[in-house]
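Please open the structure in your viewer and keep the selection tool at hand, since this tour goes from stop to stop. At each stop there is something to select and a short account of what is there.

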Amino acid sequence: MASYLIEPVDRLPFGGPDKARRYATERYQGAAGLNWYTSDPTLRFLMRRHLGADGLAWAEPRLAELGALMGGPIAERAEETDRDPPRLEKYDRWGHDVSRVVMPPSFEAARDDLVATSFIAPRFIEEARAAGVDPAPLGVAWHYLLDQADIGMACALGTGGDMVVGLSEMFAPEDVKARVRELFAAGQFSGEAAQMLTERSGGSDLGALESTATPEGDAWRLNGFKWFASNANGSAFVVLAKPEGAVDGVRGIAPFLVLRERRDGSRNGVRIRRLKDKLGTRSVASAEIEFTDAEAFLLAPSSSAPAEGQAGDGRGLARMMELTNGARLAIATMGLGCARRSLVESLCYTRTRETFGAPLRDQPLMRRKLAELIVETEAVQALVFDGYLGRPRLRLGAALVKLRAARLGVTAASDAIEIHGGNGYIEQWPVARILRDAQVNPIWEGGDNILCLDVRRAIRREGAHLPFLERLEEAAGRAPAGDDATAALVRGRVGDLRRTIERWSGLEEATAEARLYPLAQYMADVYAAALLLEQAGWERDELGTDRKALVARLYAGARLADPGPLRGIGGPAEDLERFKDLVDGALVDDRS
């Protein structure tokens with residue numbers, strides 16, 4: 001029954017029940033309200049593959065409970081927090097600088113539920129291991145589901161908590177280690193960590209930063225100004241600064257731990273100048289933060305023979321960047337979450353919206369677009385899960401996966417808005433916020449150019465392309481029998497990619513740098529195609545079905561095949577002929 005009033009405009013002479021039905025509000029049910037685990041066959045497929053039948057039997061009730069939480073209260077509160085974001089309480093009644101970030105009730109309620117149900121909390125990990133279940137795939141699934149609701153919340157929970165804990169355990173004084181352990185006793189989200197790198201001089205050129213640390217016993221006094229610091233209400237920060245007297249450049253940078261409170265319990269010298277008025281991700285408080293004689297602790301080894309004023313071994317930034325790959329995978333998962341949410345909203349909307357006498361989903365051009373969204377989203381899903389769960393973890397993986405996933409989050413959200421038409425451009429519909437949120441993913445943890453430079457570094461300094469190519473050959477070699485043409489295409493492109501990297505390595509320096517972007521895109525294309533073939537082989541062997549083979553074939557055809565002079569226009573139309581298979585394997589929505 002409709003909850004809105006029937007007005008005279010609903011009874012115009014050229015109107016009628018058939019036309020009114022097309023815009024009846026109650027018919028339009030999007031992703032919110034679905035169980036995001038049970039409605040997602042692709043996630044269930046991956047959990048079966050990575051956990052096995054016995055492990056899935058243990059995990060499935062927990063996954064279903066989590067799916068209901070994410071698709072219900074967490075998704076609803078995300079919209080509330082977007083409308084009522086954090087605010088800064090700068091001064092108390094006597095004018096003292098308290099720099100307190102006040103979070104809305106919707107955020108606090110969501111955070112409490114998420115910490116209580118975290119699949120990466122120590123108690124859950126212990127419970128899973130006691131049952132003989134690998135907790136790692138479940139941790140990825142937890143992130144993937146949350147990121148469909150609110151990537152800002154995923155950041156606000158403390159992206160970088162593992163970095164804070166890991167570096168503190170290695171280098172902080174014993175009493176500080178104990179304090180960090182206390183903060184993060186309930187897992188890496190409980191302490192709300194943050195990384196503070198960016199200054200007014202720029203985010204990518206870290207060598208130009210100006211924040212300065214001065215030694216004071218076994219601690220340091222840190223002064224500086226960070227221009228874009230997310231999770232400003234956190235309790236533990238990793239801050240990049242230059243020890244006084246150090247060289248002015250990348251070699252002079254060192255990471256420092258700054259806690260909200262000093263050792264003696266007093267407030268540390270951390271001042272919030274203002275919160276950023278951002279395009280999206282409003283559930284995470286991002287701010288300009290000033291450090292004024294803040295107590296800090298060096299997160300790098302002391303050098304036995306340091307240069308004048310130098311602290312550490314000159315590898316502080318490099319060591320921190322090594323740990324950044326985990327954060328890049330987290331951002332990639334955010335991009336995937338935005339893409340998946342955009343896809344689900346689009347599938348729900350086009351099933352209901354009627355145009356030219358039929359549901360929008362039945363129009364051939366719309367089917368082409370939806371099929372493309374399904375295939376591209378599942379390709380990135382394969383990349384993200386392999387980035388986390390592949391063993392050994394590929395050095396090149398994080399940069400390539402983030403490059404592709406972060407960008408897909410933006411383009412998929414843009415497509416979803418177009419699919420919704422003018423409605424999609426209105427904030428009362430969810431896809432507008434998804435696009436606003438998704439746009440930050442290509443920026444966080446390094447933009448496309450920075451990722452490409454990391455690809456160059458990994459190839460030239462570490463030979464990381466060799467194990468990467470081996471992984472691609474291994475994955476393509478597990479293709480299912482019966483689709484020899486797709487398997488041959490992908491294996492051929494692995495060989496082509498090997499020759500491409502060799503040719504690129506011989507280019508003049510400026511040209512080689514300019515060609516990094518198409519090289520990285522080529523690497524991501526072949527990586528995803530090989531992984532989809534590997535999934536298809538497993539599906540054929542274990543389940544006896546061939547949907548992933550269809551997805552792999554469509555993806556390889558679009559990304560790797562030579563379209564020829566007719567641009568593929570005369571080729572097979574499997575995206576239309578097997579559209580039902582694609583949709584049924586992407587979303588289960590049994591709501592009337």
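The tour below visits helix contacts, a group of aromatic rings, some pairs of residues and a few backbone details.

Please keep in mind throughout that this is a predicted model.

**Helix 2 and helix 10**

Begin by selecting residues 41-83, which form helix 2, together with residues 364-389, which form helix 10; the axes of these two helices come within 12 Å and cross at roughly 30°. Angles under 35 degrees count as roughly parallel, so helix 2 is described as roughly parallel to helix 10. The crossing of this pair is right-handed. To see where the two helices touch, show the side chains of Thr42, Leu43, Leu46, Met47 and His50 in helix 2, and those of Glu378, Gln381, Phe385 and Leu389 in helix 10. Sorted by class, the residues of this contact comprise 5 nonpolar, 3 polar and 1 charged.

**Helix 10 and helix 18**

Keep helix 10 selected and add helix 18, residues 547-559, whose axis lies 10 Å from that of helix 10 at an angle of about 100°. The two helices are therefore roughly perpendicular to each other. On the side of helix 10 the residues to display are Ile374, Val375, Glu376, Glu378, Ala379 and Gln381, and they meet Arg547, Lys548, Val551, Leu554, Tyr555 and Arg559 of helix 18. This contact holds 6 nonpolar, 1 polar and 5 charged residues. Glu378 and Gln381 of helix 10 take part in the contact with helix 2, and they are also listed in the contact with helix 18.

**Helix 7 and helix 8**

Now move to residues 161-171, helix 7, and residues 174-183, helix 8, which pack with their axes 9 Å apart and at an angle of about 155°. That angle makes helix 7 roughly antiparallel to helix 8. Helix 7 passes helix 8 in a left-handed crossing. Select Val164, Val165, Ser168 and Glu169 in helix 7 and you will find them meeting Lys177, Val180 and Arg181 in helix 8. By class, the contact residues here are 3 nonpolar, 1 polar and 3 charged.

**A cluster of rings**

Which residues do ring pairs link into a cluster? Select Tyr28, Tyr349 and Trp429, which are joined in this way. The rings of Tyr28 and Tyr349 have centres 5.6 Å apart and planes at 40°, so this pair counts as tilted. Tyr28 sits in the loop between helix 1 and helix 2, whereas Tyr349 belongs to helix 9, so that the pair links parts of the chain 321 residues apart. Tyr28 is buried, at a relative accessible area of 19%, and Tyr349 is buried as well, at 5%. Turning to the other partner of Tyr28, the ring centres of Tyr28 and Trp429 are 6.0 Å apart with their planes at 80°, so this pair is edge-to-face. Trp429 lies in the loop between helix 11 and helix 12, and the pair ties together parts that are 401 residues apart in sequence. Trp429 counts as partly exposed, with a relative accessibility of 24%.

**Pairs to compare in sequence and space**

Next, select Asp590 in the segment after helix 20, an exposed residue with a relative accessible area of 71%. The C-alpha atoms of Asp590 and Leu34 are separated by 9.3 Å, although their positions lie 556 residues apart along the chain when counted as a separation. Then select Val247, found in the loop between strand 6 and strand 7, which is partly exposed at 45%. Val247 and Glu508 are 261 residues apart in sequence, and their C-alpha atoms are 30 Å apart in space.

**Backbone details**

For the last stops, look at the backbone itself. In the loop between helix 10 and helix 11 you will find Pro392, and the peptide bond leading to Pro392 from Arg391 is cis, with omega near -5°. Thr281, in the loop between strand 8 and strand 9, has a positive phi near 45° while not being a glycine. Is Thr281 buried or exposed? Thr281 is buried, with a relative accessible area of 3%. Finish at Arg567 in the loop between helix 18 and helix 19, where phi is again positive, at about 55°, in a residue that is not a glycine. Arg567 counts as exposed, at 65% relative accessibility.

Conventions
Residues are numbered from 1 along each chain as its sequence is written. This is a predicted model: local features need pLDDT of at least 70, side-chain atom pairs count only at pLDDT 80 or more; totals for chains, interfaces and linings use all residues. Side-chain values use heavy atoms; hydrogens and water are left out. Axes are lines fitted to C-alpha atoms, for helices over the stretch in contact, and angles run from 0 to 180 degrees between N-to-C directions. Helices (H or I, at least four residues) and strands (E, at least two) are DSSP runs, numbered from the N terminus. Angles under 35 degrees count as roughly parallel, over 145 as roughly antiparallel, 65 to 115 as roughly perpendicular and the rest as oblique. A crossing is left-handed if the near helix is turned anticlockwise from the far one by less than a right angle, and right-handed if clockwise. Contact means heavy atoms within 4.5 Å. Ala, Val, Leu, Ile, Met, Phe, Trp, Tyr, Cys and Pro count as nonpolar, Asp, Glu, Lys and Arg as charged, and the others, Gly among them, as polar. Rings of Phe, Tyr and Trp (its six-membered ring) pair if their centres lie within 6.5 Å; planes under 30 degrees apart count as stacked, over 60 as edge-to-face and the rest as tilted. Buried means under 20% relative accessible area, exposed over 50%, partly exposed in between (1.4 Å probe, protein chains only).
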